[in-house]
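Please find below a colleague's note on the structure, set out as numbered points. Each point takes up one topic.

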Amino acid sequence: MNEIVLLLLLAIIGFVAGVINTMAGGGSLLTLPMLIFMGLPPAVANGTNRIGIIIQSITSIAGFKSKGIKPTKFGVYLGLSALVGSLIGAQIAVDIKGETFNRILAIVMVIVVFFMVFKPKINIEDFIERVQGKYFWLSILAFFFIGIYGGFIQAGVGIFILLALTSINYMNLVKSNAVKVLVVFIYTIGALAIFAYNQQIDYLYGIVLASGNASGGWIASRWAVKKGDGLVKIFLIIMVIVMAIKLWLDS
């Protein structure tokens with residue numbers, strides 16, 4: 001396929017992923033396989049994906065801030081905890097064999113999609129937000145392990161962040177999404193540094209992907225897009241299953 005067409009397709013996939021990541025999570029289930037299919041080794045695809053994630057996080061934070069939802073100290077603390085974990089996870093990702101990573105990614109993709117379909121719904125409207133005392137430290141611990149996972153593979157991490165914030169802290173979805181993009185921004189700095197140090201980044205593909213991620217994240221953060229969620233989910237499920245099968249067969 002023509003290189004320009006591939007780059008355009010990568011930007012489009014990045015845009016869709018930016019919307020999905022900001023609304024809930026799971027956009028890397030599309031971008032990681034896409035980068036691998038474009039010929040990047042798995043570790044390089046994993047590192048390259050982080051450029052899009054970090055730029056998307058910046059625009060998402062700006063989008064939330066423009067709507068009056070500003071970063072909080074609580075989010076920074078969680079981000080720093082996740083940052084420590086991400087350094088461990090990213091180093092594991094750099095050291096792992098490509099074939100093994102592909103198979104792990106295929107399995108993770110199916111598990112995350114299953115969780116997206118069957119995840120429990122938590123009604124927190126009548127609950128009081130819990131961000132102090134033991135709940136603060138529970139969150140710090142949870143986000144350390146989330147950071148390890150995010151540093152290692154990233155795919156679907158937003159879903160686990162939202163689950164932690166709503167189930168441990170009883171935080172509403174709007175605030176949870178704002179905290180989520182801040183946490184991802186902070187820990188991705190560490191993961192990106194590890195991949196860059198190990199020369200596991202394709203900067204051209206990363207910048208093209210980032211352009212799509214950023215625009216998708218900006219739009220999704222400024223508008224509470226609820227119509228079409230079902231269609232996005234169906235599209236994501238189909239694409240992820242197809243990509244997971246191909247990843248498994250090619251590894």
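1. Which residues of helix 2 are buried? They are Ser28, Leu29, Leu30, Thr31, Leu32, Pro33, Met34, Leu35 and Ile36. Helix 2 is thus mostly covered, with nine of its ten residues buried. Just after this helix, Gly39 adopts a positive phi of about 110 degrees. The reader should bear in mind that the model is predicted.

2. On the overall architecture: the chain contains ten helices and zero strands, and its pattern along the sequence reads α-α-α-α-α-α-α-α-α-α. The chain has 251 residues, of which 51% count as buried. Among contacts with a separation of 6 or more, 86% are made by residues 24 or more positions apart. The accessible surface of the chain is about 11,800 Å², and carbon and sulfur atoms hold 71% of that area.

3. On the largest nonpolar core: this core has 39 residues, and those with the most contacts inside it are Leu10, Leu35, Met38, Leu105, Ile153 and Tyr205. At least two residues of the core come from each of helix 1, helix 2 (28–37), helix 3 (42–66), helix 4 (73–95), helix 5 (98–118), helix 8 (173–197) and helix 9 (203–222). Another core, of 18 residues, lies apart from it and includes Ile53, Phe136, Ile140 and Val157.

4. On two members of the largest core: when neighbours within four places in sequence are left aside, Ile153 is in contact with Leu32, Asn46, Arg50, Phe101, Ile104, Leu105 and Val108. One of these partners, Leu105, is situated in helix 5. Leu105 counts as buried because its relative accessibility is 0%, where the limit for burial is under 20%. Leu105 and Trp248 are 143 residues apart along the chain, yet their C-alpha atoms are separated by 8.7 Å.

5. On Phe143: what are its contacts once the neighbours within four places in sequence are left aside? Phe143 is then in contact with Leu78, Ser81, Ala82, Ile161, Ala164, Leu165 and Val183. Phe143 belongs to helix 6 (residues 134–152) and is buried, with a relative accessible area of 0%. Its partner Val183 is 40 residues away in sequence, while the C-alpha to C-alpha distance between the two is 8.9 Å.

6. On the aromatic pairs: the count comes to six. In one of them, the rings of Phe144 and Phe145 have their centres 5.3 Å apart and their planes at 75 degrees; the pair is classed as edge-to-face because that angle is over 60 degrees. Phe144 is partly exposed, at a relative accessible area of 23%. Tyr149 and Phe160 also form an edge-to-face pair, at 5.5 Å centre to centre and with 85 degrees between the planes. Tyr149 lies in helix 6 and Phe160 in helix 7, so this pair ties together parts that are eleven residues apart in sequence. Phe160 is partly exposed, with a relative accessible area of 27%. In addition, ring pairs join Phe74, Tyr77, Phe136 and Trp137 into a cluster.

7. On the backbone of two loops: most residues other than glycine have a negative phi. Tyr170 has a positive phi near 55 degrees, although it is a residue other than glycine. Tyr170 occurs in the loop between helix 7 (157–168) and helix 8. Gln199, likewise a residue other than glycine, has a positive phi near 55 degrees, and its place is the loop between helix 8 and helix 9. Is Gln199 buried or exposed? Gln199 counts as exposed because its relative accessibility is 71%, and the cut-off for this class is over 50%.

8. On the nonpolar surface: which residues form the nonpolar patch of about 240 Å²? The patch consists of Phe15, Trp218 and Ile219, and about 240 Å² is their accessible area together. Phe15 is located in helix 1 (residues 3–23). Its relative accessible area is 32%, so Phe15 is partly exposed, a class that lies between 20% and 50%.

Key: Residues are numbered from 1 along each chain as its sequence is written. This is a predicted model: local features need pLDDT of at least 70, side-chain atom pairs count only at pLDDT 80 or more; totals for chains, interfaces and linings use all residues. Side-chain values use heavy atoms; hydrogens and water are left out. Helices (H or I, at least four residues) and strands (E, at least two) are DSSP runs, numbered from the N terminus. Buried means under 20% relative accessible area, exposed over 50%, partly exposed in between (1.4 Å probe, protein chains only). Contact means heavy atoms within 4.5 Å. Accessible areas come from the Shrake-Rupley method with a 1.4 Å probe; for residues, only the protein chains shown count as cover. Patches are made of residues with over 30% relative accessible area and no salt bridge: like charges are joined within 9 Å, nonpolar side chains (Val, Leu, Ile, Met, Phe, Trp, Tyr) within 5 Å. A salt bridge is a side-chain nitrogen of Lys or Arg within 4 Å of a carboxyl oxygen of Asp or Glu. A nonpolar core is a set of buried Ala, Val, Leu, Ile, Met, Phe, Trp, Tyr and Cys residues joined through side-chain atoms within 4.5 Å. Rings of Phe, Tyr and Trp (its six-membered ring) pair if their centres lie within 6.5 Å; planes under 30 degrees apart count as stacked, over 60 as edge-to-face and the rest as tilted.
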